[in-house]
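Please find below a colleague's note, set out as numbered points. The sequence and structure come first, and the comments follow.

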Amino acid sequence: MELKRVVVTGLGALTPIGNNLEEYWEGLINGKSGSAPITYFNAEKFKTKFACELKNFNPLDHFDRKEARKLDRFAQYAMVSADEAIQDSGIDLNTVDKYRVGVIWGAGIGGLETFQNEVINFAEGDGSPRFNPFFIPKMIADIAPGNISIKHGFMGANYTTVSACASSANAMIDALNNIRLGHSDIIVSGGSEAAVTLAGMGGFNAMHALSTRNDSPETASRPFDATRDGFVLGEGGGALILEEYEHAKARGAKIYAEVMGGGLSSDAYHMTAPHPEGDGVVAVMKNCLKNAGLKPEDVDAINTHGTSTPLGDVAELKAITKVFGDHAKKININSTKSMTGHLLGAAGAIEAIAAILSMKYGIIPPTINHENIDENIDPELNLTLNKAQKREVNVVMSNTFGFGGHNACVVFKKLDE
């Protein structure tokens with residue numbers, strides 16, 4: 001059968017450097033750091049005392065008090081970003097066939113704060129099992145797409161993908177394939193996460209995964225820098241409206257980009273560490289290019305996974321050189337996590353949005369906080385250091401990897417009608 005073409009017709013973003021799409025893009029191109037001391041709880045005794053929290057986000061601006069109490073923060077972030085994307089897409093909710101509109105969402109953890117608080121409350125009690133009746137529906141990762149579909153009446157495919165930090169990239173690939181095969185006309189896709197909690201910070205600190213640059217949190221996320229010492233935990237949500245091309249064209253929708261393909265692979269190597277030579281990353285980018293029908297030399301820019309960990313950054317850049325050869329030196333490579341921190345299950349979504357906007361505006365957001373050259377990194381690679389760069393971008397790739405060796409890669413192209 002002939003596969004349908006899939007395009008992006010709406011975007012929504014709720015991030016540590018901007019609470020909507022416009023603010024997010026402005027933060028990206030201006031090299032804004034979202035990292036600051038933690039305000040959600042007293043982090044005095046934690047090894048890492050900072051994170052990329054949302055700024056000035058008030059759920060009561062979006063939900064009434066009763067509804068807000070029923071939603072974990074990760075679900076609130078999902079609904080707010082999805083609402084922006086749906087509005088941006090111009091979908092007429094009164095005329096669209098809602099049986100052919102689905103929601104495929106990504107979350108690496110889900111309602112961690114809800115789980116944490118309920119367990120703490122039980123442990124501090126007298127042993128009586130007094131739990132909030134909303135405990136389970138607030139906590140489960142699939143409640144985010146469930147609530148989006150309930151609000152808008154979307155009755156197509158509805159589920160959550162979970163592959164740690166690759167979750168929302170996996171969701172986009174599932175959405176792409178669902179539409180390609182003719183099962184849906186529109187899928188609301190993306191991801192959200194809210195792990196800046198006692199348990200989240202404590203757990204990642206115990207793994208030695210987080211930066212401990214407490215004296216300078218705004219510079220702590222420093223991908224590719226020789227002094228990088230771990231990632232900075234972020235939170236938020238990102239949403240993309242994926243739509244069958246003819247359906248979008250028929251309703252006169254604005255089109256940001258065509259989703260050309262997606263690739264998946266596994267490192268099959270270690271619980272948390274990447275393969276040192278980037279073997280799984282090589283495979284996922286090759287799989288993505290093959291799926292998209294593109295050649296390595298077609299790619300103009302890559303938004304890397306680039307978490308600012310000592311092992312991961314080097315392995316990914318080695319893999320890029322292996323896949324793209326000499327052309328790698330002509331590609332603008334960047335890591336927007338230097339600004340947003342690592343949004344875990346939402347990372348793939350907000351980074352795909354950054355990649356799409358870089359193609360729309362012809363500007364590559366910078367990799368900020370780079371000061372020290374890493375001798376293990378090829379100096380001829382253009383890592384878009386510290387300042388945004390203008391260039392024409394026709395094809396852009398976004399890499400997202402997760403604990404467990406999960407690798408996902410999505411590639412977008414300017415629409416060729």
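1. In which loop is His-327 found? His-327 sits in the loop between α11 (310–324) and β10 (332–334). The model is a predicted one, and the comments here should be read with that in mind. At 16% relative accessibility, His-327 counts as buried. A polar atom of the His-327 side chain lies 2.8 Å from the backbone oxygen of Val-299. Val-299 is also among the residues that His-327 touches, together with Pro-296 and Glu-297, when residues up to four places away in sequence are not counted.

2. The domain record. The UniProt annotation "domain: Ketosynthase family 3 (KS3)", from an unreviewed entry, covers residues 3–414. In the model, this span is 33% helix and 18% strand. Its end C-alpha atoms lie 19 Å apart.

3. Cys-165 and its surroundings. An unreviewed UniProt entry carries the annotation "active site" for Cys-165. The residue is placed in the loop between β5 (158–161) and α7. Cys-165 counts as buried, at 8% relative accessibility. Leaving aside neighbours within four places in sequence, Cys-165 is in contact with two histidines, His-305 and His-342. The other contacts of Cys-165 are Leu-344, Gly-345, Ala-347, Gly-348, Thr-400, Phe-401 and Gly-402.

4. Disulfides. How many disulfides does the count give? The count comes to zero. A disulfide is a covalent bond between the sulfur atoms of two cysteines. For Cys-52, the closest cysteine sulfur is that of Cys-165, and the separation of 14 Å is too far for a bond. Seen from the other side, Cys-165 has its closest cysteine sulfur in Cys-52, again at 14 Å and too far for a bond. The cut-off applied is 2.5 Å between sulfur atoms. Cys-52 counts as buried, with a relative accessibility of 1%.

5. Helix α7. This helix runs over residues 167–180 and has 14 residues. From its first C-alpha to its last it reaches 20 Å, close to the 20 Å expected at 1.5 Å a residue. Is α7 enclosed or open to the outside? Twelve of the 14 residues are buried, so α7 is largely enclosed by the rest of the structure. Among the buried residues are Ser-167, Ser-168, Asn-170, Asn-178 and Arg-180, as well as Met-172, Ile-173, Leu-176 and Ile-179. Gly-182 follows α7 and has a positive phi, near 85°.

6. Salt bridges between partly exposed residues. A search of the whole structure finds 18 salt bridges. Side chains of opposite charge can pair when their charged atoms come close. One of the pairs is Lys-322 with Glu-277, at 3.7 Å from N to O. This pair links distant parts of the chain, 45 residues apart: Lys-322 belongs to helix α11, and Glu-277 to the loop between β8 (257–266) and α10 (279–292). Lys-322 is partly exposed at 45% relative accessibility, and Glu-277 is partly exposed at 33%. Another pair is Lys-329 with Glu-380, whose closest N and O atoms are 3.6 Å apart. Lys-329 is in the loop between α11 and β10 and Glu-380 in the loop between β11 (363–364) and β12 (389–390), so this bridge ties together parts that are 51 residues apart in sequence. Both ends count as partly exposed, Lys-329 with a relative accessible area of 34% and Glu-380 with 49%.

7. A buried pair, and a network. Lys-337 and Glu-351 meet through their side chains in a salt bridge of 2.8 Å, N to O. Lys-337 lies in helix α12 (residues 337–340) and Glu-351 in helix α13 (residues 347–361), so the pair ties together parts that are 14 residues apart in sequence. Lys-337 and Glu-351 are buried. Elsewhere, salt bridges link Arg-73, Glu-113 and Glu-235 in a network.

Technical notes
Residues are numbered from 1 along each chain as its sequence is written. This is a predicted model: local features need pLDDT of at least 70, side-chain atom pairs count only at pLDDT 80 or more; totals for chains, interfaces and linings use all residues. Side-chain values use heavy atoms; hydrogens and water are left out. Buried means under 20% relative accessible area, exposed over 50%, partly exposed in between (1.4 Å probe, protein chains only). Helices (H or I, at least four residues) and strands (E, at least two) are DSSP runs, numbered from the N terminus. The expected span of a helix is 1.5 Å times one less than its number of residues. UniProt positions are given in the numbering used here, feature names are shortened, and annotations may be inferred rather than shown by experiment. Contact means heavy atoms within 4.5 Å. A polar contact is a pair of N or O atoms within 3.5 Å; within protein, one must be able to donate a hydrogen and the other to accept it, and residues adjacent in sequence count only if both atoms are side-chain atoms. A salt bridge is a side-chain nitrogen of Lys or Arg within 4 Å of a carboxyl oxygen of Asp or Glu.
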